[in-house]
Amino acid sequence: MPREQASAWFRARATAILNACVALWIFAGGFVINEPSPYELAFVLVLGVSFFAAFHFHRSTLGLLVLFVALVPFAYIAAFQVRFLTISDALIYQTVTIFLFFTAYWVANYVAEAPQARMRIIIGAYLGTALLSAIMGTLGYLGIGHEIFTRYDRAKALFNDPNVYGPFLMLPAMYALQRVLIGKSRSAVIATLAYGVLFVGVFASFSRAAWGHIVISSAMVYVLLFWLETHALQKVRMLMLALAGAATLVVAAAGILSLPQFSSFIELRTQSQDYDTGESGRFGRQGYAFDLALQHPLGLGPLEFRNYRVKEEPHNTYVNVIHAYGWGGGLVMIAFIFVTIWRGVTFLARPSPNRLLLIPLVSVFIPLAGEAAIIDVDHWRHFFLVGGLIWGVTAGYGHVDKRFGLRPPVP
């Protein structure tokens with residue numbers, strides 16, 4: 001075999017192995033009880049295999065690389081500002097952030113090479129682990145595996161927190177919804193079942209933010225598809241589906257509220273919570289957190305705020321990143337959020353077969369950015385994954401794989 005053919009054969013085999021490793025990595029995102037989690041370990045494998053595969057860094061992702069490189073020095077400088085946490089623990093925290101940011105840059109370049117084919121790999125694996133997580137969380141809430149799959153009687157599956165578990169289910173749910181709205185009959189029925197399982201899983205988390213998230217993301221997917229991607233017959237179908245869905249939700253809500261154990265828990269979750277109100281509540285302490293951030297240009301260091309006047313985190317990513325990474329690092333993290341949104345929205349205005357890849361991503365990331373104002377998302381794996389996928393799809397916006405055409409990338 002000539003040398004060139006042997007080299008091409010080796011790269012092709014390595015690329016196939018890389019795709020399998022990426023699927024394993026994404027699937028591992030649903031198992032994060034322990035740290036380092038399988039997600040981190042699987043990415044190390046992915047990174048190693050990518051050195052031998054046909055993997056390239058793209059010029060169109062340079063902005064994301066600049067943000068990543070800019071974060072590193074600020075994060076490590078801030079680690080040495082800690083007063084209560086040990087420096088070694090602070091360095092570990094910063095390294096995790098840098099690692100997760102790098103996964104966003106890596107996956108952006110991976111997807112940019114072949115958006116349709118590689119998004120099918122990623123979303124297929126993500127859908128699988130999300131369905132499994134939703135089933136575990138729902139069963140736990142119903143009493144099967146209650147000690148493992150729930151926390152405070154709220155579904156969490158194999159996550160540490162229901163407030164992370166709920167948002168984790170959003171992206172595959174939105175791709176499933178997209179297939180429900182514009183897919184062919186058989187695939188639409190399968191997608192309807194998938195969306196239903198994920199919707200119930202989100203509901204069982206009893207996270208108010210997750211409830212709002214799935215409603216807003218679903219509405220965004222519907223409106224963007226209706227406005228940008230559908231012809232007259234599809235618009236009629238979507239209107240009929242919206243009416244049927246609304247009727248189903250009304251009936252389901254009435255049934256749920258008729259059960260005393262559900263209605264009392266829902267009433268509790270929809271009321272103002274003690275940790276939300278007052279000077280030391282979620283919203284009261286955020287003002288103090290911003291004042292404190294302005295006094296420390298180099299940052300407080302990670303997880304320091306809880307040791308000051310208010311014995312809890314601010315639960316606001318936009319101030320927390322300034323505490324954890326200093327003014328410079330905080331601005332980098334905030335820039336990552338808003339530049340990613342701007343990039344996604346800008347590309348939505350451009351007709352392309354790949355726009356169907358982008359609609360669910362933008363519909364999930366924008367509510368995530370809003371959710372970041374009431375919870376800390378800077379260590380959420382799927383936050384960086386979704387951001388990286390937006391960069392990847394937009395970087396490869398002109399690449400069309402004829403095998404997949406206009407179909408949404410849901411198996």
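Select Phe 43 first: in this predicted model its relative accessibility is 1%, so it counts as buried. Add Trp 106 to the selection, which at 0% relative accessibility is likewise counted as buried. The structure holds 32 aromatic pairs, and Phe 43 with Trp 106 is one of them, an edge-to-face arrangement with 5.8 Å from centre to centre and 90° between the planes. This pair links distant parts of the chain, since Phe 43 belongs to helix α2 (residues 38-50) and Trp 106 to helix α4 (residues 87-113), 63 residues apart.

For a second aromatic pair, move to Phe 383 and Phe 384, whose ring centres are 5.1 Å apart and whose planes meet at 75°, so that this pair too is edge-to-face. Both of these phenylalanines are buried.

Keep the view here and select His 382, which lies in helix α16 (residues 381-395). Is His 382 buried or exposed? Its relative accessibility is 4%, and because buried means under 20%, His 382 counts as buried. Showing its surroundings, and setting aside residues up to four places away in sequence, one finds that His 382 touches Tyr 126, Val 164, Pro 167, Phe 168 and Leu 368.

Next, turn to helix α14 (residues 317-348) and select His 323 within it. This histidine is buried as well, with a relative accessible area of 2%. Which residues does His 323 touch, once those up to four places away in sequence are not counted? They are Ala 289, Leu 292, Ala 293, Gly 299, Leu 300, Gly 301, Phe 305 and Pro 314. A distance label can also be drawn from His 323 to Pro 297, 26 residues apart along the chain, where the C-alpha atoms are separated by 8.8 Å.

Stay on helix α14 and follow it to Phe 347, which is also placed there. Phe 347 is buried, with a relative accessible area of 12%, and the charged end of Arg 350 sits over its ring, 4.1 Å from the ring centre. Leaving aside neighbours within four places in sequence, Phe 347 is in contact with Leu 358, Thr 394 and Tyr 397. Add Ile 390 to this view: it is 43 residues from Phe 347 in sequence, yet the two C-alpha atoms are 9.7 Å apart in space. For another charge placed over a ring, select Lys 235, which lies over the face of Phe 226 at 5.2 Å from the ring centre.

Now switch to a surface display and select Ile 135, Leu 139, Leu 142, Ile 144 and Val 197, which together make a nonpolar surface patch of about 430 Å². Within this patch, Leu 142 is found in the loop between α5 (115-141) and α6 (146-149). Leu 142 is exposed, with a relative accessible area of 58%.

Finally, zoom out to the whole protein chain, which has 16 helices and two strands. Of its 411 residues, 53% are buried. The chain exposes about 18200 Å², of which carbon and sulfur atoms supply 70%. Among the contacts between residues at least 6 apart in sequence, 76% join residues at least 24 apart, and the pair visited at the start, Phe 43 and Trp 106, links parts of the chain 63 residues apart.

Notes: Residues are numbered from 1 along each chain as its sequence is written. This is a predicted model: local features need pLDDT of at least 70, side-chain atom pairs count only at pLDDT 80 or more; totals for chains, interfaces and linings use all residues. Side-chain values use heavy atoms; hydrogens and water are left out. Patches are made of residues with over 30% relative accessible area and no salt bridge: like charges are joined within 9 Å, nonpolar side chains (Val, Leu, Ile, Met, Phe, Trp, Tyr) within 5 Å. Accessible areas come from the Shrake-Rupley method with a 1.4 Å probe; for residues, only the protein chains shown count as cover. A salt bridge is a side-chain nitrogen of Lys or Arg within 4 Å of a carboxyl oxygen of Asp or Glu. Helices (H or I, at least four residues) and strands (E, at least two) are DSSP runs, numbered from the N terminus. Buried means under 20% relative accessible area, exposed over 50%, partly exposed in between (1.4 Å probe, protein chains only). Contact means heavy atoms within 4.5 Å. Rings of Phe, Tyr and Trp (its six-membered ring) pair if their centres lie within 6.5 Å; planes under 30 degrees apart count as stacked, over 60 as edge-to-face and the rest as tilted. A charge sits over a ring if NZ of Lys or CZ of Arg is within 6 Å of the ring centre and within 35 degrees of the ring normal.
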